[in-house]
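Reader: Hi! I'm new to reading protein models and would love some company. Could you go through this one with me?
Author: Happy to, here it is.

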Amino acid sequence: MFKLSGVIGYLKNVLNYTYPQVLEFINTIPGECQGDDVMLKGSDIEKLLGVDELRKLECEVYRTLNL
């Protein structure tokens with residue numbers, strides 16, 4: 001599970017998504033509310049971005065958590 005805010009940051013900063021592209025992504029992918037956060041399943045992200053981008057996102061999250 002990934003936080004929506006982290007995925008949006010990845011889309012904007014790493015993949016250079018434009019505002020309309022980010023909105024399309026948000027409106028397409030289902031999310032699950034957990035408290036104040038919206039969580040996204042990796043399998044749903046994989047369907048939209050592909051396996052390679054999901055792996056890069058996983059590495060980015062891992063790197064951020066271990067700093």
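Reader: Which side chain does the side chain of glutamate 53 make a polar contact with?
Author: That partner is the side chain of tyrosine 10, at 3.0 Å. A polar contact is a pair of N or O atoms within 3.5 Å; within protein, one must be able to donate a hydrogen and the other to accept it, and residues adjacent in sequence count only if both atoms are side-chain atoms. Before we go on, this is a predicted model: local features need pLDDT of at least 70, side-chain atom pairs count only at pLDDT 80 or more, and totals for chains, interfaces and linings use all residues. Residues are numbered from 1 along each chain as its sequence is written, and side-chain values use heavy atoms, with hydrogens and water left out.

Reader: Thanks! Where does glutamate 53 lie, and is it buried or exposed?
Author: Glutamate 53 lies in helix α4, residues 51–65. Helices (H or I, at least four residues) and strands (E, at least two) are DSSP runs, numbered from the N terminus. Glutamate 53 counts as buried because its relative accessible area is 17%; buried means under 20% relative accessible area, exposed over 50% and partly exposed in between, with a 1.4 Å probe and protein chains only.

Reader: What does glutamate 53 touch?
Author: Leaving out residues up to four places away in sequence, glutamate 53 touches Tyr10 and Leu15. Contact here means heavy atoms within 4.5 Å.

Reader: Let's zoom out. How many helices and strands are in the protein chain?
Author: The protein chain has four helices and three strands. Along the sequence they follow the pattern β-α-α-β-β-α-α.

Reader: And how much of the protein chain is buried?
Author: Of the 67 residues, 27% are buried. As for contacts between residues at least 6 apart in sequence, 53% of them join residues at least 24 apart.

Reader: Tyr10 came up earlier. Which residues of α1 are buried?
Author: In α1, the buried residues are Leu4, Val7, Ile8, Tyr10 and Leu11. They sit on the same side of α1 because they cover an arc of only 160° around the axis. That arc is the one spanned by the directions from the helix axis to the C-beta atoms.

Reader: What does the face of α1 turned away from that side carry?
Author: That face carries the exposed residues Ser5 and Asn13. Serine 5 counts as exposed because its relative accessibility is 56%. Its C-alpha atom is 8.2 Å from that of aspartate 37, although the two are 32 residues apart along the chain.

Reader: How do α1 and α2 pack?
Author: Helix α1 (residues 4–13) and helix α2 (residues 19–28) pack at an angle of about 145°, and their axes are 10 Å apart. Axes are lines fitted to C-alpha atoms, for helices over the stretch in contact, and angles run from 0 to 180 degrees between N-to-C directions. From α1, Leu4, Val7, Ile8, Leu11 and Lys12 make the contact, and from α2, Val22, Phe25 and Ile26.

Reader: What is there between α1 and α2 along the chain?
Author: One residue to look at is asparagine 16, which lies in the loop between α1 and α2. Asparagine 16 has a positive phi of about 55° although it is not a glycine. With a relative accessible area of 58%, asparagine 16 is exposed.

Reader: Back to Phe25. What does phenylalanine 25 touch?
Author: Not counting residues up to four places away in sequence, phenylalanine 25 touches Val7, Leu11, Leu40, Ile45, Leu48 and Leu49. Phenylalanine 25 is buried, at 5% relative accessible area.

Reader: Ile45 and Leu49 are in there. Which residues of α3 are buried?
Author: In helix α3 (residues 42–49), those are Gly42, Asp44, Ile45 and Leu49. They cover an arc of only 160° around the axis, so they lie on the same side of α3.

Reader: What does aspartate 44 touch?
Author: Aspartate 44 touches Ile29 and Pro30, again not counting residues up to four places away in sequence. The C-alpha atoms of aspartate 44 and isoleucine 29 are 6.6 Å apart, with 15 residues separating them along the chain.

Reader: Last one: what happens just after α3?
Author: There, glycine 50 takes a positive phi of about 100°.
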